[in-house]
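Let's take a walk through this protein, one piece at a time. Have the model open and turn it as you read.

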Amino acid sequence: GYEALKEAISNISHDIRTPLTAIKGYQQLLANSMLTPEQTEQLAISERHVARLEQLLQAFFEYSYLLTQDAVTQPTKVNATAMLQEIIVGNYLAFEEKGIRVDIPETTAILETDEQFLLRIFQNVLRNGLKYGHEWLSVDIQKQEHTTTFSIHNGTTTEQNPYPERLLERFQTGDQSRKDSVGLGLSIVSLLTKKLDGTLRIAHDDFQFRIDIELPNKM
């Protein structure tokens with residue numbers, strides 16, 4: 001059942017991290033050795049591949065964990081606006097380095113929802129905006145009687161994606177030429193939105209990408 005699968009994923013995760021740690025240790029030893037310029041370049045390439053492997057494994061294990069864990073949520077009062085602002089401010093330098101202007105929402109939205117799930121949703125959406133966004137990103141909050149909608153827009157370098165909803169599928173990325181993404185971020189957002197009894201809509205046209213996350217004010 002689920003418990004056995006969760007335990008198996010946890011064990012595999014540990015078993016993979018052990019040799020990875022050893023590989024990184026030997027790479028550090030090599031980095032401190034007398035290497036030729038060619039060997040230094042080869043070491044740098046292997047280090048990039050190991051870092052990439054770590055990213056893939058982290059995304060895979062997070063997705064596997066969310067997929068197999070029970071859908072039991074722990075609703076508490078959460079200031080969603082403050083949470084969004086904190087994530088944006090925490091990534092301010094990264095956005096600045098990519099030349100992305102970010103508009104921070106000011107509408108105060110308090111939800112009775114699962115704080116950890118909401119945090120993961122916002123982190124993944126903003127990470128996606130940082131990775132694939134172009135020039136600008138804005139967050140808009142619309143409060144309704146029973147729901148609150150969080151709309152995240154960002155500029156893109158491609159005019160449109162005829163099937164944007166496919167980005168919610170596992171291992172799909174918006175830019176097939178980029179091999180640096182495992183394509184799990186938005187599928188995690190989709191999975192968690194469902195767990196919070198929310199609705200997710202996605203659109204990409206006119207050099208704009210938009211994701212709307214509509215969540216109940218109370219679970």
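**From a hairpin to the whole fold**

Start with strands E6 and E7, which run antiparallel and are joined by 7 bridges. Strands and helices here are DSSP runs numbered from the N terminus, with at least two residues (E) for a strand and at least four (H or I) for a helix. Two strands count as paired if DSSP finds at least two bridges between them. One such bridge in this pair links Ala203 to Arg210 in E7.

Before going on, a word on where this comes from: the model is predicted, so local features need pLDDT of at least 70 and side-chain atom pairs count only at pLDDT 80 or more, while totals for chains, interfaces and linings use all residues. Residues are numbered from 1 along each chain as its sequence is written, and side-chain values use heavy atoms, with hydrogens and water left out.

Back to the hairpin. It has 2 residues between the strands, and Asp206 takes a positive phi near 55 degrees there. Phe207, in the loop between E6 and E7, has a positive phi of about 60 degrees although it is not a glycine. Phe207 counts as partly exposed, at 39% relative accessibility. On that scale, buried means under 20% relative accessible area, exposed means over 50%, and partly exposed is in between (1.4 Å probe, protein chains only).

In a regular strand the side chains alternate between the two faces of the sheet. You can follow that pattern along E6: Leu200, Ile202 and His204 point to one face and are buried, whereas Thr199, Arg201, Ala203 and Asp205 point to the other face and are not.

Now look at Pro216, which lies in strand E7 (residues 208-216). With 14% relative accessibility, Pro216 counts as buried. What does Pro216 touch, leaving aside its neighbours within four places in sequence? Its contacts (heavy atoms within 4.5 Å) are Leu111, His146, Thr147, Leu196, Asp197 and Gly198. Pro216 and His146 are 70 residues apart in sequence, yet their C-alpha atoms are 5.9 Å apart in space. Asp197, another of those contacts, sits in the loop between helix H6 (185-195) and E6. Asp197 has a positive phi near 60 degrees and is exposed, with a relative accessible area of 59%.

Zoom out to the sheet that holds this hairpin. Its 5 strands are in the order E2-E4-E5-E7-E6, and the sheet is open with mixed pairing. Strand E2 (101-103) and strand E6 (199-205) are at the edges with a single partner strand each, so one side of each has no neighbour in the sheet. From one strand to the next, the twist averages 10 degrees.

Further into the sheet, strand E4 (residues 136-143) and strand E5 (residues 147-155) run antiparallel, joined by 7 bridges. Asp140 stands opposite Ser151 in E5. Ser138, also in strand E4, counts as buried at 17% relative accessibility. Beyond its neighbours within four places in sequence, Ser138 is in contact with Asp103, Ser151, Ile152 and His153.

What packs on this sheet? Helix H3 (residues 80-90) does, touching E2, E4 and E5, and its direction makes about 175 degrees with that of E4. Such angles run from 0 to 180 degrees between N-to-C directions, with axes fitted to C-alpha atoms, for helices over the stretch in contact. Ala80, Thr81, Met83, Leu84, Ile87 and Ile88 of H3 are buried. They cover an arc of only 165 degrees around the axis, so they lie on the same side of H3; the arc is that of the directions from the helix axis to the C-beta atoms. Facing away from that buried side are the exposed residues Glu86, Val89 and Gly90. The cover over the buried residues of H3 includes strand E1 (75-79), helix H4 (92-97), E2, helix H5 (115-132), E4 and E5.

One more stop is Phe61 in helix H2 (residues 37-68). Phe61 counts as buried at 8% relative accessibility. Setting aside neighbours within four places in sequence, Phe61 is in contact with Ile9, Ile12, Ser13, Ile16 and Arg17.

Finally, the whole protein: it has 6 helices and 7 strands, and buried residues make up 38% of its 219 residues.
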